[in-house]
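Grab your viewer and let's work through a few exercises on the model below. Each one sets a task and then walks through a solution.

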There are 2 protein chains.
Amino acid sequence: MNIVQEESRRGRKKLQRRTLLIEIARRSIATKGLRSLKVRDVAEAAGCSIGSVYNEFGYFDGLILTVNRETVQALTARLTAVPADDPLRQLHGLADAYLGFATEHANLLRSLFEHRMEDDRPFPEDILAMVMDAFALMHAPLVRLLPDRDPDDVALLSRMMFSAVHGIISLGLEERMVAVPPEMLRERLAQFVDTHLAGLGVTRGNQV
Amino acid sequence: MNIVQEESRRGRKKLQRRTLLIEIARRSIATKGLRSLKVRDVAEAAGCSIGSVYNEFGYFDGLILTVNRETVQALTARLTAVPADDPLRQLHGLADAYLGFATEHANLLRSLFEHRMEDDRPFPEDILAMVMDAFALMHAPLVRLLPDRDPDDVALLSRMMFSAVHGIISLGLEERMVAVPPEMLRERLAQFVDTHLAGLGVTRGNQV
DNA sequence: ATTCTTCTTGAACAATGTTCATTTTCGTAT
DNA sequence: ATACGAAAATGAACATTGTTCAAGAAGAAT
């Protein structure tokens, strides 16, 4: 048998269906939320048996984790697409990009952060690492804005800032507990970033 | 029959068991997480039938919601216990109290924020209101620190600040995706509050 | 064509939420 | 005290959903 899956006929079909399953699951999570995702629904929608889902992902959580993995990737792609020319604008761009992604894919993002493993199965390392990396994207522009600070300090600072942004957005987007009215969220977020930067001693025109 | 439940013998027993059920559920959530809470476990631990749980709470989510309701109450109690003498110290106290509660009751707090209703049953209004109230507790001290600002502005500001704190803490406490190392969390949080206040133009000694 | 490997299937099982007819409990009226 | 009836408790039965696996189908290798 060929090692490379894409080259064998069998492998192509398998991969094709794997993609289909993921796509179906993602769509379901995005529209109806993680809680109403069911194996049988996914299998039926994909036109295959329940067992095939298990062949492909091992256990049902595996499918969810795969969707989540791709969610971080999509998020990261969006965040890294933010122009890095001006560090201050980049920070705002990052916050804004996160807000945009969270708005458009609220349920997917929730699935990423709220999904708990069954029993005490370990949470996949790679997803963890990817989320960390995404949250570290504020590091580079902050370093440029704060050249005199201890780098370790800035590293923590950037993750804190991103965590704060995450908190504001994730609570702000909950229609349930509207911490901040959605319309205002965008500008408020920008204001928040500015305020915090001001607190860090960064004033407009301070960048390298 | 007596209207007041506490006064009838039957009512006393009923209430007693209700309390027991809640206590068992809370303990289970706190130690093993929301996902592994099962009706049968709760019923068995309480020494009653499954049906009784349903008699008491209507549906299983009802029990969870009751626990969550009491979680917000406990959180609020802890937050309102923070001394209000000095507004700056109060803000730090609130952030610290939240961190303390989140550390001691990580799973309970997660249950509060992560629990999703089945299908599209509406999220209980009262819990929502209580969470909002808790998040508004930074309002009073901020008003004192920023007497010249538009009150509506300060209202939003306070909820944003609390949301930010929430984000930092909830991500920081996830062992899964350690955004900030736990040991440092406390001092970093204080630093965050200070930085943000500085950005708002508040310097030490600025309070009324 | 034959054989071997791999994948697919879906029935069966297991775990869990939910219902409800029956039984039990218990306050109240006689 | 007894009988009656409302309220509560019960748990078997059911519904839903995750999981397994023996048997069969499909594809690759020779």
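**Exercise 1. Work out how many residues each chain brings to the contact between chain A and chain B.**

Step 1: count residues in contact (heavy atoms within 4.5 Å). Chain A puts in 43 residues and chain B puts in 43 residues.

Before going on, some ground rules: this is a predicted model, where local features need pLDDT of at least 70, side-chain atom pairs count only at pLDDT 80 or more, and totals for chains, interfaces and linings use all residues. Residues are numbered from 1 along each chain as its sequence is written, chains are lettered from A and ligands numbered from 1 in the order in which they are written, and side-chain values use heavy atoms, with hydrogens and water left out.

Step 2: compare the two sides. The copies meet through the same surface, because 100% of the interface residues of chain A are also interface residues in chain B.

Step 3: get the buried area, meaning the accessible area (1.4 Å probe) that two parts lose on being put together, summed over both. Chain A and chain B bury about 4100 Å² between them, with 63% of it on carbon and sulfur atoms.

**Exercise 2. Find the operation that lays chain A on chain B.**

Step 1: superpose the copies by least squares on the C-alpha atoms of residues with pLDDT of at least 70 in both. A turn of 180 degrees with a shift of 0.0 Å along the axis does the job, at an RMSD of 0.1 Å.

Step 2: name the relation. That is what a two-fold axis does.

**Exercise 3. Which elements of chain A supply the side that touches chain B, and what polar pairs cross over?**

Step 1: look for salt bridges (a side-chain nitrogen of Lys or Arg within 4 Å of a carboxyl oxygen of Asp or Glu). The interface of chain A and chain B has ten of them. One to click on is R35(A) with D61(B), whose closest N and O atoms are 3.4 Å apart.

Step 2: count polar contacts (N or O atoms within 3.5 Å; within protein, one must be able to donate a hydrogen and the other to accept it, and residues adjacent in sequence count only if both atoms are side-chain atoms). Between chain A and chain B there are 13 residue pairs in polar contact, both at pLDDT 80 or more.

Step 3: assign helices (DSSP runs of H or I, at least four residues, numbered from the N terminus). On chain A's side, α6 (106-114), α7 (125-135), α9 (151-173) and α10 (182-199) each supply at least two residues. α9(A) gives the most, with eleven residues.

**Exercise 4. Track down what surrounds DNA strand C.**

Step 1: collect residues with a heavy atom within 4 Å of the strand. You get 20 residues around DNA strand C, the closest being R17(A), S52(A), N55(A), R40(B) and Y54(B). Sugar and phosphate make up 62% of the strand's atoms that come within 4 Å of the protein.

Step 2: check the phosphate oxygens. R17(A) has a polar side-chain atom 2.7 Å from one. For K38(B) that distance is 3.3 Å, and for an N or O atom in the side chain of K13(B) it is 3.4 Å.

Step 3: map the elements. Those giving two or more residues to this surface are α1 (9-32) and α3 (50-57) of chain A, plus α1 (9-32), α2 (39-46) and α3 (50-57) of chain B.
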